Amino acid sequence: MKRRDFLASTVAAAALGPGLLAASGPELWQKLPRWRGFNLLEKFYRNERFRESDFQWISDWGFDFVRLPMDYRQWTGADDPGTLREDVLEHVDEAIELGRKYGVHVSLNLHNAPGYTVNRAVKHSLSLWEDEEAQRQFAFQWRQFAVRYRGIPSDRLSFNLVNEPAHIDEDVYLRAVKGAVDGIRKEDPERLIISDGLNWGRDPIAGLKPWRVAQSTRGYSPAEISHYRASWVRGADRYPTPEWPIPQVNGRLFSPSRRDWHAPLVVEGAFGEAMQLRVRVGQVSGHSRLVVTADGETIVEKTFQPGPGEGEWKEVVHAPQWNIYQNIYDRDYHASVPAGTKRLELANVEGDWMTVTELGLKPAGDRPEHVLVVRSLAWGEPDRGVVRFQPGADGPAFVPPSMMDRQWLAEHCIAPWKKLADEGVGVHVGEWGAHRFTPHDVVLRWAEDQLSLWQQAGFGWALWNLRGSFGIVDSQREDIAYAEFHGHQLDRRFLELLRAY
């Protein structure tokens, strides 16, 4: 739409009176509506106009929210960060107007901001967390949006500051974004501001509460479901084929140098006969010495020393920040387990850390191997529990100590955010979903558990994305039958699940 027409609609919104704005701001940040919808990616590292058909479909299906993750470079001068392209910003104007037309809340987000993005392919000369110039440019961007959209009620438009801050402490984050928040407040005091949590949006930020800022979390846990075979995630091509619920066995073994995290992986059972043990080693950091014992007697002792060039490993991984190699082995090692053994222990007794990704126990003869896929490679969880080995015809030979399931999601992913919401801070799930290679039936089971928990907690959500590999339109999954929809492929089963929540 033309800028003059957009300004006219903004003036009309302001004419509704200051009472509406004053009432909507503080109430919204403290308790967000349960907005539900999608991320739209027309400004996600590209420069396209937003599509009216997306807004119409979203509205027709009963949803009421879009988040626009955007790359500020699309409208910002490469040589002069104070120069903005009006022709590109008019695309954002159009999206906000389409939101008004179809009753859809629009949330603007800087996915790529001055000095920071989670996209490792994008390089910045400045750091938003460290450099005052990057913070000045960041504040400038949001101040311009605040001026441009002043008068549009917060129940129609919100500002989501920066996508998924990571690898920083809370005080560093607060210092970096304070200028932007202050600039928005100066120009548009009642604007609804939303901040992603720390640690890629997973951890609430306690220090934001006095700033009257709502917060946004994520629905990507566990990553082996959400990002299975995602090309942009290192190691995702080695994730095991997803299932849900997931047997929870932590296969990341820390050496005694990580005293608080050092603990063995234990398998207990009645080994009535001798068996061949197979241990698949995944990744080794620095170096490690694996020791496997059967009732206290060593049956395997192996030292791993990753380095450059060729070796036992399949892939060389150098971590320059620590100047160490963390190579991928993905290799099996074998030993004999004596008959009568009751307890196997796998421990890393020296070095840094390593991962065990699979265990196999093979009886004599042509009988099949019992296999345990070790699906959790979590940090800092020394209390692993005990894996039970009980081969038989009535169930699996390996019984894990716990499961990643709906209860696990509630305790690990929802509870910290529900606590924040109970303290009077609005919470929304800004992104979630699973990449197209995750089996569709797994996606639906996992998605319904998350959706029901968010409904119970009162959280809204935005699927990443509407059209694309996480979405319900043109997702290119190979294990479902699509419905034809206006020249597109519609995942109707997923759509109906979303509409139910």
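**Salt bridges in a predicted model**

Hi everyone, let's start with Arg212: its relative accessible area of 29% makes this residue partly exposed, a label that covers anything between buried, under 20%, and exposed, over 50%, using a 1.4 Å probe and protein chains only. Salt bridges that share partners also join Arg67, Glu164, Asp196, Arg218 and Glu431 into one network.

A quick word on the setup. This is a predicted model, where local features need pLDDT of at least 70 and side-chain atom pairs count only at pLDDT 80 or more, while totals for chains, interfaces and linings use all residues. Residues are numbered from 1 along each chain as its sequence is written, and side-chain values use heavy atoms, with hydrogens and water left out.

Back to Arg212, which pairs with Glu190 in a salt bridge, the closest N and O atoms being 4.0 Å apart. By salt bridge I mean a side-chain nitrogen of Lys or Arg within 4 Å of a carboxyl oxygen of Asp or Glu. Glu190 is partly exposed, at 25% relative accessible area.

How many salt bridges does the structure hold? The count is 41.

One of them joins Glu42 and Arg467, with the closest N and O atoms 2.6 Å apart. This pair links distant parts of the chain, 425 residues apart: Glu42 sits in the loop between β1 (36-39) and α3 (52-60), and Arg467 in the loop between β21 (460-463) and β22 (483-485). Helices here are DSSP runs of H or I, at least four residues, and strands are runs of E, at least two, numbered from the N terminus. Are these two partners buried or exposed? Both Glu42 and Arg467 are buried.

Finally, Glu48 bridges to Arg46, with 3.4 Å between the closest N and O atoms. Glu48 counts as partly exposed because its relative accessibility is 34%, and Arg46 is partly exposed too, at 32%.
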